[in-house]
Every structure is written in C-alpha cells, then in structure tokens.
Amino acid sequence: METMIERVGMPLDGFIREYDRAPFELINGERKPIMPGVSGHIYVIRLLFLLLYTHTAQNRLGEVFPEATFILPNSYDSNWVKGSRVPDVSFFVAERIAAYIAQTPEWKERPFALVPDMVVEVVSPDDHYSDIDEKVDMYLADGVRLIWVIDPQRRKATVHTPDSDQPLHLKGDAVLNGRDVIPGFEIPLPKLFE
C-alpha cells in the first residue's frame, strides 16, 4: 500500500489570486489575514524604509522594500507555495537579489521566492507578544540573518540573529545598526519615535 503525503500550501497561481482578494500570510498551511496598520505603525515603517533605502542605494548594498510578500516555494515545485511572509520592511543583499532576478525571468509577475537577509517588524497596538515571537522564530528558521522588532509604544527595539541564543534589547538612546548585513547603517532609537 502506498502512503500519500499531503503537501502543505497551495499552487502559486491560486496564492496570487487569493492574496489579491484579501492579503494574508500562509503559515503552516493556515491563512493568517493581514490587518491594516494604524497611522503610527505606518509612519515608523515609512521612516525606516526611507532611511534604509537611502543608505543601501547610496552604498549599492542591495534592495529594500516595504511590506513585500516573500514566499517559500516547495523544493521540488517552484509553482507550489508552502508558506509566505509579509514583513513590514525587507532587505535583500545586492548579490543575492541580482542572482535571483537573473535566474527568474518572471520575477515581476510573482512574489519574491527569496528569503530576505534582514526584516523589520513594527509592533502594532493590537499585536500579541506571542505572535511576534512566533514570527521571529519563523524568520530565523527561514534563514533571515537579521531581524529588528520595533515597538513604538514602549520605545524599544529588539535585535535577533541566528548566531545568538539571546536577543539584544535596546532602549533609551541606544543605536540600532545594520551589523554586517547592512554595513554602516545606524539610527538612534529616539529618531524612530519622534
């Protein structure tokens, strides 16, 4: 008797069609709707995007995007989506994004099938700590090298990397930096919360 293995996820064309109707993240086979952000949340995302974009463009370090969907394709079928994420801000190192674009002629017609090198999650007033923590764990498992969790309500930031068991907690006048993922990028926390 042959054992059937059920694939988690959905076909890429169905994912795109359903996402256009109502944005969602696909996590462990479950659709999690993306809720609209509140103004303060959106403001911090915009500020971070503009600062990161300026720095990375001037230094030709890579590409930064606000709220860009990336998918986790099935290893054996590039038209099957086994998961998706929508970080508030994503960054892809120049060499990786250039190689992806060169190898993916249809890249403009689909979500990125490439895990970002760095992501930012900005905590909304209605977010739950456990949900944010779960997202961080997923990003680390996906292969993200640097994760910033920005909490405007508490005026704090937390930095996660795969090589550290403990996150780095920043508050007060601490400086958030891009480490070796975005060399030379720094921003004092108070500037994020003006």
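Helices, of at least four residues, and strands, of at least two, are DSSP runs that are numbered from the N terminus. With those labels in hand, this report describes a predicted model, taking up its two largest pockets, one loop residue and one helix.

**The pockets**

The largest pocket holds about 710 Å³ of space, and of the 28 residues that line this pocket, the closest to its centre are Pro33, Ile34, Met35, Asp127 and Lys135. Strand E2 (24–27), strand E3 (30–33), helix H2 (39–58), strand E8 (118–122) and helix H4 (129–142) each contribute at least two residues to the lining of the largest pocket, and H4 gives the most, with 5 residues.

The second largest pocket has a volume of about 340 Å³, and among the 16 residues lining this second pocket, those closest to its centre are Tyr129, Val149, Asp151, Arg154 and Thr158. Its lining draws at least two residues from each of H4, strand E9 (146–151) and E10, so that H4 appears in the lining of the largest pocket as well as in that of the second largest pocket.

The composition of each lining, by residue class, is set out below.

| Pocket | Nonpolar | Polar | Charged |
|---|---|---|---|
| Largest pocket | 14 residues | 4 residues | 10 residues |
| Second largest pocket | 7 residues | 4 residues | 5 residues |

**Thr161 and its surroundings**

Strand E10, which supplies at least two residues to the lining of the second largest pocket, spans residues 156–160, and the loop between E10 and strand E11 (168–171) contains Thr161. Is Thr161 buried or exposed? With a relative accessible area of 9%, Thr161 is buried, because this value falls under the 20% cut-off. The side chain of Thr161 is joined to that of Asp163 by a polar contact of 2.7 Å. When residues up to four places away in sequence are not counted, Thr161 touches Leu140, Arg145, Leu146 and Arg179.

**Helix H1**

Helix H1 covers residues 12–21, and its buried residues are Leu12, Gly14, Phe15 and Tyr19. Seen down the axis of H1, these buried residues fall within an arc of 155°, and therefore they line one face of the helix. An α-helix has 3.6 residues a turn, so residues three or four places apart point the same way. The face of H1 that is turned away from the buried side carries Asp13, Asp20 and Arg21, which are exposed.

Conventions: Residues are numbered from 1 along each chain as its sequence is written. This is a predicted model: local features need pLDDT of at least 70, side-chain atom pairs count only at pLDDT 80 or more; totals for chains, interfaces and linings use all residues. Side-chain values use heavy atoms; hydrogens and water are left out. Buried means under 20% relative accessible area, exposed over 50%, partly exposed in between (1.4 Å probe, protein chains only). The arc is that of the directions from the helix axis to the C-beta atoms. A polar contact is a pair of N or O atoms within 3.5 Å; within protein, one must be able to donate a hydrogen and the other to accept it, and residues adjacent in sequence count only if both atoms are side-chain atoms. Contact means heavy atoms within 4.5 Å. On a 1 Å grid over the protein atoms alone, a cavity is a set of points where a 1.4 Å probe fits but cannot get out, and a pocket is an open set with protein on both sides within 12 Å along at least five of seven lines; lining residues have an atom within 4 Å of a point. Grid points are joined across faces, edges and corners, and a volume is the space filled by probe spheres set on the points. Ala, Val, Leu, Ile, Met, Phe, Trp, Tyr, Cys and Pro count as nonpolar, Asp, Glu, Lys and Arg as charged, and the others, Gly among them, as polar.
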